[in-house]
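Me: I'm new to reading protein models. Could you walk me through this one?
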Amino acid sequence: VKFQQREGHANVPSRHKEEGVNLGKWLDGQRQQKRKGELDISLEERLEEVGVIWSFFKEQWGDNYLLLVKFQQREGHANVPSGHREEGVNLGKWLDG
């Protein structure tokens with residue numbers, strides 16, 4: 001919770017240590033337990049309350065898709081040049097994927 005309050009998000013890097021505890025590794029373990037269906041629902045809910053994202057890929061995909069929609073609405077097409085950046089994201093590279 002301290003990390004989230006200080007940083008404004010709960011996307012803890014895997015190697016991040018907080019007060020001597022490898023918080024990133026611990027959170028990775030929670031994500032693994034959730035994927036296996038082994039994380040208690042009450043713990044899952046508590047982690048979600050502080051903003052834990054379970055799948056970075058899904059979150060990033062959704063965010064980038066919204067940027068693509070914004071680009072398409074502005075430009076009238078979705079043919080994003082490969083080096084084009086939209087709000088700091090290399091949208092063209094993401095589409096080239």
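Me: Okay, how many helices and strands are in the chain?

Reply: Keep in mind that this is a predicted model. Start by counting the elements: the chain has five helices and two strands. Then read them in order. From the N terminus on, they go α-α-α-α-β-β-α.

Me: What is the radius of gyration of the chain, and what do I hold it against?

Reply: The idea is to set the value beside a compact globule with as many residues. For 97 residues, that globule would come out near 13 Å, while the chain has 17 Å. You can also look at the box: along the principal axes, the C-alpha atoms fill roughly 50 × 30 × 20 Å. As for burial, 23% of the 97 residues count as buried.

Me: Now the surface. Which residues make the nonpolar patch?

Reply: Look for nonpolar side chains that sit together on the surface. Here Phe57, Trp61, Tyr65 and Leu66 make a patch of about 480 Å². Take Trp61 from that group: this residue lies in helix H4, residues 56-75.

Me: Why does Trp61 count as partly exposed?

Reply: Check its relative accessible area against the cut-offs. Partly exposed is the range between buried, under 20%, and exposed, over 50%. Trp61 has 43%, so it is partly exposed.

Me: And which residues form the negative patch?

Reply: This time, look for charges. Asp40, Glu45, Glu48 and Glu49 form a negative surface patch. One of them, Glu48, lies in helix H3, which spans residues 41-49. Glu48 counts as partly exposed because its relative accessibility is 39%.

Definitions and conventions: Residues numbered from 1 in each chain as written. Predicted model: local features only at pLDDT ≥ 70, side-chain atom pairs only at ≥ 80, totals over all residues. Heavy atoms only, no water. Patch = residues over 30% accessible without salt bridge, like charges linked within 9 Å, V, L, I, M, F, W, Y side chains within 5 Å. Areas by Shrake-Rupley, 256 points an atom, 1.4 Å probe, with all protein chains shown as cover. Salt bridge = Lys/Arg side-chain N within 4 Å of Asp/Glu carboxyl O. Lys, Arg positive; Asp, Glu negative; His and termini not counted. Charge placed at Lys NZ, Arg CZ, Asp CG, Glu CD. Helix = DSSP H or I, 4+ residues; strand = E, 2+ residues; numbered from the N terminus. Buried < 20%, exposed > 50% of the residue type's maximum accessible area, 1.4 Å probe, protein only. Rg over C-alpha atoms; globule rule 2.2 N^0.38 Å.
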